[in-house]
Amino acid sequence: MKVVKVFTFDSSHLLDGHDGKCKNLHGHTYKLEVEVSGKLHDSGPKEGMVIDFSDLKAVVKTHIVDKMDHAFLYNQYNEREATIAKMLEEWQLKTYALTQRTTAEVMSRHIFKVLQSHQLPVTRVRLWETPNSYSEYDENDG
């Protein structure tokens, strides 16, 4: 059985060295779909559920949305992006570091791994960067 919950958050980023317009600082309203799978609980307060939607929401909100929403997302190993982040942090503005370029592909994998590390039975993450474009990472992607 699978259940999916959808979230949105707004963030800015840039892709330093990219050969298109995304090399410039810009923002997105991301739509995040988190799929979890498992057997239905046979008894107790969660009977008939894979997971209570409010429990799923709490994990995703705490570990992803609250941290990425209205933050500058950046590659901590990119000198230019890290310099921008340092300046923003000195002004007490929100940043969120990743260990690679902040593409939709890298972000969807990162989100999957973070949620998995918090014992969420996540099986797929779909991250919409625009209304027409998304990246998907699932449990079979390794």
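**A note on Glu129, helix 1 and a surface patch**

1. Start with Glu129: this residue is buried (under 20% relative accessible area, 1.4 Å probe, protein chains only) but has no salt bridge, meaning a side-chain nitrogen of Lys or Arg within 4 Å of a carboxyl oxygen of Asp or Glu. Lys21 is the nearest side chain of opposite charge, 9.9 Å away; here Lys and Arg count as positive, Asp and Glu as negative, and His and the chain ends are not counted.

2. Keep in mind that this is a predicted model: local features need pLDDT of at least 70, and side-chain atom pairs count only at pLDDT 80 or more, while totals for chains, interfaces and linings use all residues. Residues are numbered from 1 along each chain as its sequence is written, and side-chain values use heavy atoms, without hydrogens and water.

3. Where does Glu129 lie? Look in strand 5 (residues 122-130); strands are DSSP E runs of at least two residues, helices H or I runs of at least four, both numbered from the N terminus. Beyond neighbours within four places in sequence, Glu129 is in contact (heavy atoms within 4.5 Å) with His13, His28, Thr29, Tyr30, Ala104 and Tyr134.

4. Now try helix 1 (residues 53-68), which bends by about 50 degrees at Lys61; that is the angle between axes fitted to the seven residues ending there and the seven starting there. Its buried residues include Leu56, Val59 and His63. The buried set packs against strands 1 (2-13), 2 (26-37), 3 (71-75) and 4, plus helix 3 (104-117).

5. After helix 1 comes His70, with a positive phi near 55 degrees.

Terms used: Buried means under 20% relative accessible area, exposed over 50%, partly exposed in between (1.4 Å probe, protein chains only).
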